[in-house]
Amino acid sequence: MQEKRTEIWCEGETAMEMKEVTVVFYRREFKDDKWRNAVDEESLDALFERLGKDLAPVGVRLSRADDPDMVMEIKGYGDLLNSVRIRSPKDGVGNMCLGHVIGQSAHLNLVEDIERGVNRAAFAPETIEPEGSDKVVCHNCGCGC
């Protein structure tokens with residue numbers, strides 16, 4: 001896997017001192033422009049800038065990475081959620097799709113959903129069903145839960 005870390009919003013702290021939450025974006029192939037338009041890179045950049053600064057003082061280091069080796073075919077919003085992964089190794093959140101972390105999306109807003117997922121991993125990871133749990137309610141993203 002050739003993962004490329006693109007941004008880290010916390011300077012001067014070591015990984016040992018802080019919890020690290022990483023949002024990983026798989027490469028996406030859009031089958032419909034409707035879902036291509038759901039990804040607003042400027043809004044995502046602004047979210048990571050703001051959220052990274054907000055989380056650093058409470059001991060959470062936020063990073064963003066791209067994994068170009070993993071490709072998701074996007075046919076709907078569930079696929080879009082599946083193409084975004086949340087990692088928080090200290091909490092046992094290895095590489096869960098965003099839909100698994102947040103459950104159902106309230107407004108089909110990727111920026112809002114990523115913020116919900118990051119905050120849940122940062123502050124309430126015990127509320128995230130473990131991978132393979134039979135209590136997980138499928139959100140139809142294709143992750144296999």
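**The crossing of H2 and H5**

Begin by selecting helix H2 and helix H5, whose crossing in this predicted model is right-handed. H2 covers residues 41–55 and H5 covers residues 110–123. With both helices displayed, look along their axes, which come within 10 Å of each other and cross at roughly 25°. Angles under 35 degrees count as roughly parallel, and H2 and H5 are therefore described as roughly parallel to each other.

Next, show the side chains where the two helices meet. On the H2 side, select Ser 43, Leu 44, Leu 47, Phe 48, Arg 50, Leu 51 and Leu 55. On the H5 side, select Val 111, Ile 114, Glu 115, Val 118, Asn 119 and Phe 123. Colouring this contact by residue class gives nine nonpolar, two polar and two charged residues.

**From H2 to Ser 63**

Remain on helix H2 and select Glu 49. Is Glu 49 buried or partly exposed? Its relative accessible area is 35%, so Glu 49 is classed as partly exposed. Now add Ser 63 to the selection. A distance drawn between the C-alpha atoms of Glu 49 and Ser 63 reads 9.9 Å, and the two are 14 residues apart in sequence.

**The loop before H5**

Move to the loop between helix H4, residues 98–102, and H5, and select Leu 108 there. Attention should go to the backbone at this point: Leu 108 is not a glycine, although its phi is positive, at about 55°.

**Helix H3 and its surroundings**

Select Leu 81, which belongs to helix H3. Leu 81 has a relative accessible area of 4% and is therefore buried. Which residues touch Leu 81, once its neighbours within four places in sequence are set aside? The contacts are with Cys 97, Leu 98, Gly 99, Ile 102, Ser 105 and Asp 113. For a distance to display here, choose Val 101: its C-alpha atom is 9.9 Å from that of Leu 81, across 20 residues of sequence.

Step back along the chain to Gly 76, in the loop that links strand S3 (60–74) to helix H3 (77–82). Gly 76 has a relative accessible area of 15%; because the limit for a buried residue is under 20%, Gly 76 is buried. Then select Lys 34, which lies 42 residues from Gly 76 along the chain, with 8.6 Å between their C-alpha atoms.

**Strand S4**

Select strand S4, residues 84–88, and within it Arg 87. Is Arg 87 buried or exposed? A relative accessibility of 14% means that Arg 87 counts as buried. Adding Val 23 shows two residues 64 places apart along the chain, with their C-alpha atoms separated by 6.5 Å.

**The whole protein**

Finally, clear the selection and display the entire protein as a cartoon. There are five helices and five strands. Followed from the N terminus, the elements run β-β-α-α-β-α-β-β-α-α.

Colouring by accessibility brings out the buried residues, which make up 45% of the 145 residues in the protein. If a surface is shown instead, the accessible area comes to about 7700 Å², and carbon and sulfur atoms account for 47% of that area. What share of the contacts between residues at least 6 apart in sequence joins residues at least 24 apart? The share is 73%.

Terms used. Residues are numbered from 1 along each chain as its sequence is written. This is a predicted model: local features need pLDDT of at least 70, side-chain atom pairs count only at pLDDT 80 or more; totals for chains, interfaces and linings use all residues. Side-chain values use heavy atoms; hydrogens and water are left out. Axes are lines fitted to C-alpha atoms, for helices over the stretch in contact, and angles run from 0 to 180 degrees between N-to-C directions. Helices (H or I, at least four residues) and strands (E, at least two) are DSSP runs, numbered from the N terminus. Angles under 35 degrees count as roughly parallel, over 145 as roughly antiparallel, 65 to 115 as roughly perpendicular and the rest as oblique. A crossing is left-handed if the near helix is turned anticlockwise from the far one by less than a right angle, and right-handed if clockwise. Contact means heavy atoms within 4.5 Å. Ala, Val, Leu, Ile, Met, Phe, Trp, Tyr, Cys and Pro count as nonpolar, Asp, Glu, Lys and Arg as charged, and the others, Gly among them, as polar. Buried means under 20% relative accessible area, exposed over 50%, partly exposed in between (1.4 Å probe, protein chains only). Accessible areas come from the Shrake-Rupley method with a 1.4 Å probe; for residues, only the protein chains shown count as cover.
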